[in-house]
Amino acid sequence: MNIVRSASRRFHDMTLARKMWLSVAFVSLLTLATFALLASTQIKNLMTEREGNIRVQQLDYYTGSINHYFQNIQKSAQVLLYNPDIQKRFSGDMEELSGSERIRAFNEVYDQLHRMWDNLYGIDAIYLIDRHQNVFKISVEDANMPTFLTGAEFAEQGWYDRLDKSEGSSYWSFVRWSDNKASILMLGAMYNKADLSLIGHLVISVSPQVFDSFLSASKLGEGTNSIIDLAGMAYTSGRGLSSDSPYDITAMSGNSGYSSIRQNDEPYMVAYAKNELTGWTFVHAVPQRLVLKDLKNVNTLWLFFLFVSILLMTVVSAFLLRTITMPLGKLVRLVREVERGKLGGRFHVQYKDELGKLGHAFNHMLDKLQEGIPLIREKFIRSLLERKLSEEELRDYESKLDFRFERPFFQVVLLYVHEENDESALQAVGTAVRDMEQHGGLITDTLSANQYCLIFNCPQEETLALVEPLLDRLRSECGVRPYAFVGNCYESIQLVKNSFEEAKTQLKYRVSDTMDEEPAVFFTGDSWEQHYPESYENRLLYYMDEGDFDMCAAVMEELIAAMRVKPIAPPVIHTFLTAMHYHLNKQLIQIGAADRGPDADWLGKLNRRLSLEPFEKNARDFIALVRKQLGPLVHKRIRHSPNIARSLQLIQEQYESPNLSVDYAARTLGLNTNYFSQLFKKELGVGFAEYVSGLRMERAQKLLSETPLKIKEVAEQVGFADSHYFGVWFKENTGLSPTQYRKGNQAVSDWIGPAEAVGRSSAN
């Protein structure tokens with residue numbers, strides 16, 4: 001079964017052209033093979049029927065010849081038996097006659113026997129036996145034959161009895177009368193014409209070899225010829241007489257016909273004919289391989305035609321399939337170009353078949369894309385430059401535009417073409433910008449006829465390595481004067497708008513009539529704001545808003561290291577730190593914690609501290625103040641994703657249920673368990689089980705210290721069906737049993753639930 005699945009998978013993974021070629025070849029092979037098999041079977045049946053009928057006809061001719069021969073013998077026998085002299089002599093006992101009369105009687109009998117002998121062919125012996133067991137013979141056989149015919153052994157074989165029971169006056173059979181001698185005997189009864197009494201018997205012996213002469217005349221050809229008498233004795237040409245018949249004559253219906261049998265593990269065709277005179281069955285058996293020897297040539301010819309037919313059908317199909325696969329291949333290439341953002345291709349429709357309809361649908365879709373994608377691109381870029389994008393919005397835009405920001409570097413470059421009114425030159429500039437976008441690592445948008453926004457997703461070194469060749473190309477190929485205004489590089493996509501504002505400020509203040517004297521690339525660090533740590537300020541403000549205090553500390557340490565290399569004037573530092581404190585106070589007011597804000601003289605105290613203490617201490621003190629002031633409140637501003645928000649609500653509602661688990665929560669929310677578990681830990685910082693455990697511990701401590709509920713009742717209300725297990729769990733986490741905790745009536749300070757802070761924030 002695995003082999004079949006693997007073969008099916010490989011077939012489906014093939015190109016359409018190969019699948020169609022294989023399908024046509026397979027169907028052609030199956031059709032032609034089936035036709036060849038049916039035709040070969042039909043030809044075999046026709047050949048068998050023809051050969052069978054021919055052999056039956058030949059056998060009928062053979063049996064007719066023998067029947068004519070036997071009829072002549074039987075007629076001669078009747079003439080002899082009813083001859084007056086024979087009747088007269090056999091009516092009495094010739095042994096009682098006198099000498100001369102007896103000699104005369106014997107002469108008359110032998111005279112009749114010689115006449116019959118002279119008129120018949122192939123006779124070995126003629127015997128006349130009277131009722132007194134006197135034997136008169138003419139024979140070329142063994143001299144013991146008369147003794148055998150009158151002996152007890154012959155009589156015990158019942159030949160005379162069979163003659164009496166036969167319908168006629170004669171009976172034909174094979175008789176083995178010695179170990180190496182067998183004959184065909186015709187036994188006839190001699191009756192007195194006067195009273196119809198039995199007065200003797202006539203026995204005519206014919207050599208079985210007489211059949212061979214008839215066989216040569218009948219032209220039966222290859223095969224084995226046998227004659228089977230009524231007693232089951234069988235004479236087979238070339239093998240002699242056998243007492244066991246090799247064929248079941250009872251299964252041979254009708255006077256003649258043919259059938260198939262199996263002997264010695266080989267199939268034979270058997271033709272047979274029954275002789276009415278003797279009652280014998282004449283059988284001609286020939287191996288079927290000889291009958292069907294011409295069928296091998298027919299099958300060889302069929303195989304040749306089969307191969308030629310498949311070859312021709314494959315060649316013709318290849319030409320026909322090209323009319324399908326070539327347009328489909330072109331359509332696939334166009335679709336791939338669309339995936340890469342190239343919307344200029346068109347599918348040339350030639351016919352009105354399904355491919356033509358598919359081409360029309362593709363062109364229609366392309367028109368819609370050309371109308372919609374630029375709008376989506378513009379909306380996406382405007383969103384990056386003007387506001388904060390949520391993670392869901394960002395992934396949605398990337399999916400629609402088939403573009404993804406993969407590296408933690410974001411920098412905006414504004415490309416400006418100075419004093420250029422040539423429309424064709426501006427179009428060439430736009431083309432060059434779009435071509436550079438195809439190399440990846442950036443996304444672009446046209447702000448105006450001569451202004452372009454390039455948002456890079458790479459470090460500043462790579463950005464410059466892309467921008468400078470672009471400027472050279474525009475100057476050499478388009479004949480324009482391009483300038484690039486570069487904003488700072490940030491590690492978060494949410495700071496793209498800051499980099500854009502920095503580049504836009506330069507564009508606003510640096511464009512003048514003396515642009516020819518300026519360099520082609522302008523950096524924020526080279527502007528009039530060069531001594532103010534604006535990029536650090538933007539990053540700090542962003543991470544303060546996000547509540548990421550570790551990143552705030554990391555950015556501040558970067559600024560401290562940068563100032564060691566390039567000192568900044570004290571007034572600038574004072575302004576920077578003052579702005580940071582102002583923003584902290586603004587956040588506290590927005591959160592609703594104005595009571596934690598500064599006193600009336602906070603600004604004077606700040607100015608004195610900034611003037612007396614070095615920047616490094618003030619900077620680190622500020623980070624510590626941010627952690628102290630915003631840390632306890634940061635969770636209030638956490639905006640959980642919808643699924644996590646629903647899971648927190650589920651925990652609050654069902655934390656007392658013993659069935660509450662990560663699997664149960666995932667099923668309730670319709671999510672994959674692994675995905676839900678990872679998402680929960682990512683957003684809350686702790687695992688699902690830790691969160692629930694912390695919430696249950698908080699509730700258990702509250703119930704034990706503030707209510708008189710029994711330990712069992714407390715266990716049930718916090719999700720434990722077994723109070724003993726609850727006690728073990730409580731002591732492992734607090735160091736005290738529930739009873740000890742209640743007696744002490746105190747909260748355990750050395751255990752803080754992993755979800756305590758979040759739980760309390762949610763409760764508030």
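## Exercises on a predicted model

Glu462 has a relative accessibility of 34% and therefore counts as partly exposed. The model is a predicted one, and the exercises below work through its salt bridges, strands, aromatic pairs and a surface patch.

**Exercise 1. Determine which parts of the chain are tied together by the salt bridge between Glu462 and Arg407.**

Step 1. The side chains of Glu462 and Arg407 meet in a salt bridge with an N to O distance of 2.9 Å, which falls inside the 4 Å cut-off for such a contact.

Step 2. Glu462 belongs to helix α14 (residues 460–478), whereas Arg407 sits in the loop between α12 (391–401) and β12 (411–417), so the pair ties together parts that are 55 residues apart in sequence.

Step 3. As for the surroundings, Arg407 has a relative accessibility of 33% and therefore counts as partly exposed, as does Glu462 at 34%.

**Exercise 2. Work out how the residues of two further salt bridges, Glu477 with Arg473 and Glu558 with Arg539, are placed in the helices, and classify each residue as buried, partly exposed or exposed.**

Step 1. The underlying idea is that side chains of opposite charge can pair when their charged atoms come close.

Step 2. Glu477 and Arg473 meet through their side chains at 3.2 Å, N to O. Because the two residues are 4 positions apart in helix α14, about one helical turn separates Glu477 from Arg473.

Step 3. A residue is exposed when its relative accessible area is over 50% and buried when it is under 20%. Glu477, with 58%, is therefore exposed, while Arg473, with 30%, is partly exposed.

Step 4. In the other pair, the closest N and O atoms of Glu558 and Arg539 are 3.0 Å apart. Here Glu558 lies in helix α17 (residues 549–565) and Arg539 in helix α16 (residues 534–546), so parts that are 19 residues apart in sequence are tied together.

Step 5. Glu558 is partly exposed, with a relative accessible area of 36%, but Arg539 is buried, with 9%.

Step 6. For the wider picture, the whole structure holds 15 salt bridges, and Arg89, Glu101, Arg104 and Glu108 are linked in a network of such contacts.

**Exercise 3. Find which strands stand at the edges of the open sheet of 6 strands, and explain why one side of each is left without a neighbour.**

Step 1. The strand order of this open sheet is β8-β7-β6-β11-β10-β9, and its pairing is antiparallel.

Step 2. β8 (240–242) and β9 (256–263) each have a single partner strand, so these two stand at the edges and one side of each has no neighbour in the sheet. From one strand to the next, the twist averages 25°.

Step 3. The partner of β9 is examined next: β9 runs antiparallel to β10 (residues 266–274), and 8 bridges join the two. Among the bridge partners, Gly257 is matched with Tyr272 of β10, and Ser256 with Ala273 of β10.

Step 4. The hairpin of β9 and β10 has 2 residues between the strands, and Asn264 takes a positive phi near 55° there.

**Exercise 4. Establish how many residues of β12 are buried and which residues point each way from the strand.**

Step 1. The count gives 7 of its 7 residues as buried, and β12 is thus mostly covered.

Step 2. In a regular strand the side chains alternate between the two faces of the sheet. Gln411, Val413, Leu415 and Val417 point one way from β12, and Val412, Leu414 and Tyr416 point the other way.

Step 3. β12 is joined by 6 bridges to the antiparallel strand β14 (residues 451–456), where Ile455 is the bridge partner of Val412. A further 5 bridges join β12 to β15 (residues 482–486), also in antiparallel fashion, and there Tyr416 stands opposite Tyr483.

**Exercise 5. Classify the ring pair of Tyr110 and Phe136 as stacked, tilted or edge-to-face.**

Step 1. A search of the whole structure finds 20 aromatic pairs. In this one, the ring centres of Tyr110 and Phe136 are 5.9 Å apart and the planes stand at 70°, so the pair is edge-to-face.

Step 2. Tyr110 lies in helix α4 (residues 99–119) and Phe136 in strand β2 (residues 135–139), so the contact ties together parts that are 26 residues apart in sequence.

Step 3. Tyr110 is partly exposed at 25% relative accessible area, whereas Phe136 is buried at 1%.

**Exercise 6. Identify which residues form the nonpolar surface patch that includes Phe26.**

Step 1. Phe26, Val27 and Leu30 form the patch, with about 310 Å² of accessible area together.

Step 2. Phe26 is found in helix α2 (residues 16–81), and its relative accessibility of 55% is why Phe26 counts as exposed.

Methods. Residues numbered from 1 in each chain as written. Predicted model: local features only at pLDDT ≥ 70, side-chain atom pairs only at ≥ 80, totals over all residues. Heavy atoms only, no water. Patch = residues over 30% accessible without salt bridge, like charges linked within 9 Å, V, L, I, M, F, W, Y side chains within 5 Å. Areas by Shrake-Rupley, 256 points an atom, 1.4 Å probe, with all protein chains shown as cover. Buried < 20%, exposed > 50% of the residue type's maximum accessible area, 1.4 Å probe, protein only. Pairing = 2+ DSSP bridges. Axes fitted to C-alpha atoms, helices over the stretch in contact; angles between N-to-C directions. Phe/Tyr/Trp six-rings, centres within 6.5 Å; stacked < 30°, edge-to-face > 60°.
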